[in-house]
Amino acid sequence: MGRSLTQRPDLFAGVIDLVPAGNTLRAEFSANGPPNIPEFGTIKTAAGFKNLDEMDTIRHIKKDTQYPAVMVTTGLNDPRVAPWEPAKVAAALQASGTTKPVLLRIDEEAGHGIGSNKTQTDTLTADGIAFVFWRTGLPAWQPKAQ
């Protein structure tokens with residue numbers, strides 16, 4: 001979702017980016033990075049660097065670009081995508097100057113979804129549905145003026 005968002009932000013009313021591997025140029029230095037090198041490549045080769053750069057959401061977030069509202073999610077116990085990556089995506093979007101909300105949803109107990117209990121899964125799903133209803137303009141899901 002990250003690269004779709006940065007390539008064509010005009011196509012979206014909102015984006016839900018679940019545990020994004022948003023900084024692929026740095027990913028091989030994370031705990032789960034080395035096992036992913038055969039699939040994603042390494043920055044140590046020209047072709048690998050080029051491919052990882054093209055996948056890297058953060059490198060493609062531009063200043064003064066209007067991005068749609070975004071909900072980025074992470075779990076603090078995620079063994080696959082370290083929580084700093086989704087947090088860095090949200091921070092970069094917030095720093096871009098976009099006027100739309102950028103939300104970072106953190107589940108202190110969750111991992112990468114595998115092993116999440118029913119309550120965690122239901123809560124994440126409910127938050128996603130509420131975000132979609134809000135961003136698509138359903139009247140009952142819009143903030144009330146104070």
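Begin by selecting Ile16 and Met71: in S2, Met71 is the bridge partner of Ile16. The model on display is a predicted one.

Extend the selection to the two strands concerned. S1 and strand S2, residues 69–75, run parallel and are joined by 5 bridges. Adding S3 completes the open sheet, in which 3 strands follow the order S1-S2-S3 with parallel pairing. Strand S1 (14–18) and strand S3 (102–107) stand at the edges; each has a single partner strand, so one side of each lacks a neighbour in the sheet. On average, neighbouring strands of this sheet are turned by 15 degrees against each other, direction ignored.

Return to Ile16 and add Ile129. The two residues are 113 residues apart along the chain, and their C-alpha atoms are separated by 9.9 Å. Ile129 belongs to helix H6, residues 118–135, and counts as partly exposed, at 40% relative accessibility.

Next, select the largest nonpolar core, which has 12 residues: Leu5, Val15, Ile58, Ile61, Tyr67, Val70, Val72, Val89, Ala90, Ala92, Leu93 and Val102. S2 and H5 each supply at least two residues of this core, and H5 gives the most, with 4 residues. In soluble globular proteins, nonpolar side chains tend to be buried together. Centre the view on Val102, a member of this core. Leaving aside residues up to four places away in sequence, Val102 touches Val70, Ala90, Leu93 and Gln94.

Stay with helix H5 (residues 84–95) and select Glu85, which is placed there. Which side chain of opposite charge is nearest to Glu85? That side chain is Lys88, 8.1 Å away; Glu85 is buried yet has no salt bridge. Beyond residues up to four places away in sequence, Glu85 touches Pro20, Ala21, Gly22, Asn23, Thr24, Ala27 and Ile58. Ile58 is also one of the residues of the nonpolar core.

Finish with two backbone positions. Most residues other than glycine have a negative phi. Val19, although not a glycine, has a positive phi of about 35 degrees. Val19 is located in the loop between S1 and helix H2 (24–27). Is Val19 buried or exposed? At 17% relative accessibility, Val19 counts as buried.

Then move to Asp64, where phi is positive at about 55 degrees although the residue is not a glycine. Asp64 lies in the loop between helix H4 (46–55) and S2. With a relative accessible area of 72%, Asp64 is exposed.

Key: Residues are numbered from 1 along each chain as its sequence is written. This is a predicted model: local features need pLDDT of at least 70, side-chain atom pairs count only at pLDDT 80 or more; totals for chains, interfaces and linings use all residues. Side-chain values use heavy atoms; hydrogens and water are left out. Two strands pair if DSSP finds at least two bridges between them. Axes are lines fitted to C-alpha atoms, for helices over the stretch in contact, and angles run from 0 to 180 degrees between N-to-C directions. Buried means under 20% relative accessible area, exposed over 50%, partly exposed in between (1.4 Å probe, protein chains only). Lys and Arg count as positive and Asp and Glu as negative; His and the chain ends are not counted. A salt bridge is a side-chain nitrogen of Lys or Arg within 4 Å of a carboxyl oxygen of Asp or Glu. Contact means heavy atoms within 4.5 Å. A nonpolar core is a set of buried Ala, Val, Leu, Ile, Met, Phe, Trp, Tyr and Cys residues joined through side-chain atoms within 4.5 Å.
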